[in-house]
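I opened this entry to keep track of what I looked up, one topic at a time. Charged pairs, one helix packing and a few single residues are on the list.

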Amino acid sequence: MRMLYSGYQAWNDMLAPARLGAQWALNMRDRMGPMADWAMPRRMFALMDVFQGAKLTHKRPAYDIHSVTSGNAEVSVREEIALDLPFGDLLHFVKDEVEAHQPKVLVVAPMSGHFSTLLRSTVATLLRDHDVYITDWKNARDVPLAAGRFGFDDYVDYVIRFLQEMGEGAHLVSVCQPCVPALAAVALMSEDKDKATPRSMTLMGGPIDPNAAPTVVNDLANEKPIAWFEENLISVVPFRYAGRGREVYPGFVQLSAFVSMNLERHGGQHRELYQLLADGKTVEADRIKTFYEEYFAVLDMTKEFYLETVDMVFQRTLLAKGELMVRGRKVDPGAIRKTALLTVEGEKDDVCAVGQTSAAHGLCTGLRPHMKRHHLQPGVGHYGVFSGSKWEKQVYPQVRNMILAMN
């Protein structure tokens, strides 16, 4: 398995000429004039388009958030790196035209095989009323070995460092897998009476206690010992990349697992994409293409972060048991006394089922009842908690109100 990455790269290299040929054929489409709209050429180009798009990429896609409606005005948005660290940046979405002070919000993004751009719509919605930052994680295969290791404790350190860089009065919104290290970071900062401790903490669809309502994801994490994961899922970055020699859990392995769980659905989506392109329905086709451009952009995780997350979060569920340690310090959520807590769960979430995230309320014993809120969103799965129409119209108001109340 250590050579799996090299084998994957060799396979990609073999397919490169065919993909180049498909792209060349697509470039000819505009030169064909009216002939390009004939039925046969449309079917041919549709096939080329689907083949060319069905590939993995390993560079972060653009956030493409250039403007947002804030108040009653359309204001421009630009990206600015507030803090550059080896494994991730603190990325700031700056709105220069906004005069009134808006609450600062740190969006803590998952490091689970995709880039932080997966939360693009989450960020765009929050930008309406907030000054937004995000943990913009880097692909581990592009981080030189000289940068050292990056494990669970390092993730917690990064969240704390980012909040300190943002300064006093910030709020935290964590989505999915990082809810555990985010809660740990807030607990440690609270215990240290750190001035940068966030005023509110929103945990959305995260595995605070996986045993509260186990899902297929939890079952997969527990059916093998941790040694099996290291022996069968860890590979070495090939020489051609900056992170050559680094042991990683490859993003293409994680994506393969995701796709295999819903193979029929993804196959159906690509058949539909072909038919839409063949029928000339480009607007509908572009929606599917845009989704898969993001979905097929994969990020490698360091070996230590992946294995420690599986072991500590999913197998031993240390946070829920009160046994989680970070840098030799016991994490005590009961130390959180001034950071309000909002948990959000999706009724149909099959990744973090109902009960896993709300378990945080039982751990944060130092918070008075009026400092805790829970929102169960009917009719949505995992992604519907932080993206889509119900996120914008029903979940987001809950998040905004919590931040406003504590600001």
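Before placing any residue I fixed the terms: helices (H or I, at least four residues) and strands (E, at least two) are DSSP runs, numbered from the N terminus. The model is a predicted one.

**Entry 1: Ala-147**

With those runs set, I placed Ala-147 in the loop between β6 and α4. I noted Ala-147 as partly exposed, at 32% relative accessibility. Phe-87 is 60 residues away from Ala-147 in sequence, yet the two C-alpha atoms are 8.3 Å apart in space. I then listed the contacts of Ala-147, leaving aside neighbours within four places in sequence, and found Pro-86, Phe-87 and Arg-246.

**Entry 2: salt bridges**

How many salt bridges does the structure hold? I found 19. I wrote up three of the pairs.

The side chains of Glu-294 and Arg-120 form one, with N and O 2.7 Å apart. Glu-294 belongs to helix α10 (residues 282-295) and Arg-120 to helix α3 (residues 120-126), so this pair ties together parts that are 174 residues apart in sequence. Is Glu-294 buried or exposed? I have Glu-294 as buried, with a relative accessible area of 9%, while Arg-120 is partly exposed at 23%.

Arg-128 pairs with Glu-392, and their closest N and O atoms are 3.0 Å apart. Arg-128 sits in the loop between α3 and β6 (131-137) and Glu-392 in helix α14 (residues 389-406), so the bridge links parts 264 residues apart in sequence. I logged Arg-128 as partly exposed, with 29% relative accessibility. Glu-392 is also partly exposed, with a relative accessible area of 33%.

The third pair is Arg-327 with Asp-157, at 2.7 Å between the closest N and O atoms. Here Arg-327 is in the loop between β12 (325-326) and β13 (329-330) and Asp-157 is in helix α4 (residues 152-166), so the two tie together parts that are 170 residues apart in sequence. Arg-327 is partly exposed at 46% relative accessible area, and Asp-157 is partly exposed at 29%. I followed the shared partners from there and got one network of Arg-149, Asp-154, Asp-157, Glu-308 and Arg-327.

**Entry 3: a buried charge without a bridge**

I went to Asp-209, in the loop between β8 (200-204) and α6 (216-222). What is the nearest side chain of opposite charge to Asp-209? Lys-321 is, at 8.3 Å, and Asp-209 is buried yet has no salt bridge. The cut-off for a bridge is an N to O distance within 4 Å. Not counting residues up to four places away in sequence, I found Asp-209 touching Ala-320, Gln-356 and Ala-359.

**Entry 4: α4 against α11**

I looked up how α4 packs on helix α11 (residues 303-315): the angle is about 95° and the axes are 8 Å apart. An angle from 65 to 115 degrees counts as roughly perpendicular, and α4 and α11 are therefore roughly perpendicular to each other. On the α4 side the contact is made by Phe-152, Asp-153 and Tyr-155, and on the α11 side by Phe-305, Glu-308, Thr-309, Met-312 and Val-313. Sorted by class, I have five nonpolar, one polar and two charged residues in this contact.

**Entry 5: helix α8**

I listed the buried residues of helix α8 (residues 251-261) as Gly-251, Phe-252, Val-253, Gln-254, Leu-255 and Val-259. What covers the buried residues of α8? The cover includes α1 (4-27), α7 (226-233), β10 (247-249), α9 (263-278), α10 and β11 (301-302).

**Entry 6: Gln-52**

Gln-52 is in helix α2 (residues 39-53). I noted Gln-52 as buried, with a relative accessible area of 13%. Beyond residues up to four places away in sequence, Gln-52 touches Arg-19, Ala-22, Gln-23 and Leu-26.

**Entry 7: positive phi**

I checked the backbone of two residues. Cys-176 has a phi near 70°, a positive value in a residue other than glycine. Cys-176 lies in the loop between β7 (171-175) and α5 (179-191) and counts as buried at 12% relative accessibility. Arg-327, which I had already met in the salt bridge with Asp-157, is not a glycine but has a positive phi of about 50°.

Terms used: Residues numbered from 1 in each chain as written. Predicted model: local features only at pLDDT ≥ 70, side-chain atom pairs only at ≥ 80, totals over all residues. Heavy atoms only, no water. Buried < 20%, exposed > 50% of the residue type's maximum accessible area, 1.4 Å probe, protein only. Axes fitted to C-alpha atoms, helices over the stretch in contact; angles between N-to-C directions. Parallel < 35°, antiparallel > 145°, perpendicular 65-115°, else oblique. Contact = heavy atoms within 4.5 Å. Nonpolar A, V, L, I, M, F, W, Y, C, P; charged D, E, K, R; others polar. Lys, Arg positive; Asp, Glu negative; His and termini not counted.
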